[in-house]
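Student: Please take a close look at one part of the surface, and then connect that part to the rest of the chain. I am new to this structure, so explain each term when you use it.

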Amino acid sequence: MKKEFRLYNAIFPIWAFWYPPVMIGLLQYSWVFRFIVLVVLLGNFAIDSLVVCLAAKRLGLEDRRQLWKKSIWRVWGIGFLCDFIGAALILGLYLLLNNVFHTPWSFVTFPSTTLIALPGVLLAGVLLYFINRKFSFSKCGLDPAQVHKLSLALAVFTAPYTMLIPLYW
């Protein structure tokens, strides 16, 4: 009998993309699916907005509202893209360990969850930094040092750390 496994994230539920039975079940109750999508979208938007605004305030940037307006949609989209890429790496590592090496890893227990998820979280954080630095603040008129600090704040504070949490917690 094949073991069932699931990967959860508080804000970005990657299981929605790679575990089709859950999606099919949710589609039967379309209001549940819409609610989950709305919570995920609004939660990520709120966290990204908070980090941009607080980092800009900490840097003493003038006209933070304009900075937010010019950058938030790119920051938000890049955040989803990087979370998805990190989660895809986690899924790939899991499948590689289970199917190629026949190693019994479990997403339920602490050490295996962390060991499998850590590379994906790190990849997502690194991608968040570089992609935000390249694209998110290009129309904001900031100097490279300010862009570096804002991108670093986004990478550190919006990386998908909740992917490290085992299911039983």
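Tutor: A patch is built from residues with over 30% relative accessible area and no salt bridge; like charges are joined within 9 Å, and nonpolar side chains (Val, Leu, Ile, Met, Phe, Trp, Tyr) within 5 Å. The salt bridge ruled out here is a side-chain nitrogen of Lys or Arg within 4 Å of a carboxyl oxygen of Asp or Glu. Accessible areas come from the Shrake-Rupley method with a 1.4 Å probe, and for residues only the protein chains shown count as cover.

The model is predicted: local features need pLDDT of at least 70, side-chain atom pairs count only at pLDDT 80 or more, and totals for chains, interfaces and linings use all residues. Residues are numbered from 1 along each chain as its sequence is written, and side-chain values use heavy atoms, with hydrogens and water left out.

The part to look at is a nonpolar surface patch formed by Leu152, Val156, Phe157 and Tyr161. Together these residues have about 400 Å² of accessible area. Leu152 belongs to helix α6, which covers residues 144-158; helices (H or I, at least four residues) and strands (E, at least two) are DSSP runs, numbered from the N terminus. Leu152 has a relative accessible area of 40% and is therefore partly exposed. The classes are buried for under 20% relative accessible area, exposed for over 50%, and partly exposed in between, with a 1.4 Å probe and protein chains only.

Tyr161, another member of the patch, sits in the segment after α6. Its relative accessibility is 42%, so Tyr161 is partly exposed too. Leaving out residues up to four places away in sequence, Tyr161 touches Val121, Ala155 and Val156; a contact means heavy atoms within 4.5 Å. Val156 is itself one of the patch residues. The C-alpha atom of Tyr161 is 9.6 Å from that of Gly120, although 41 residues separate the two along the chain.

Now compare a residue of α6 that is turned to other company. Thr158 is in helix α6, and because its relative accessibility is 14%, Thr158 counts as buried. A polar atom of the Thr158 side chain lies 2.3 Å from the backbone oxygen of Leu154. This is a polar contact, a pair of N or O atoms within 3.5 Å; within protein, one must be able to donate a hydrogen and the other to accept it, and residues adjacent in sequence count only if both atoms are side-chain atoms. Beyond four places in sequence, Thr158 touches Ile47, Asp48, Val51, Asp83, Leu128 and Ala153.

Helix α3, residues 30-58, offers another link to α6. Ala56 is in α3 and is buried because its relative accessible area is 0%. With residues up to four places away set aside, Ala56 touches Leu61, Arg64, Leu67 and Leu150. The C-alpha atoms of Ala56 and Lys149 are 9.0 Å apart, with their positions 93 residues apart along the chain. Ser49, also found in α3, is buried because its relative accessibility is 11%. Its contacts outside four places in sequence are with Trp68 and Ile72.

After α3 comes a loop, with α4 (64-100) on its other side, and Asp63 lies in that loop. Asp63 has a positive phi of about 55° although it is not a glycine. Its relative accessible area is 48%, so Asp63 is partly exposed. Gln66, in helix α4, is partly exposed because its relative accessible area is 32%. Its C-alpha atom is 8.0 Å from that of Cys140, which is 74 residues away along the chain.

For the whole chain, the count is six helices and zero strands, in the order α-α-α-α-α-α along the sequence. Of its 169 residues, 41% are buried. Among contacts with a separation of 6 or more, 70% join residues 24 or more positions apart. The chain exposes about 10100 Å², and carbon and sulfur atoms supply 71% of that area.

Last, the cysteines. The structure holds zero disulfides, a disulfide being a pair of cysteine sulfur atoms within 2.5 Å. Cys53 is partly exposed because its relative accessibility is 33%, while Cys82 is buried because its relative accessibility is 0%.
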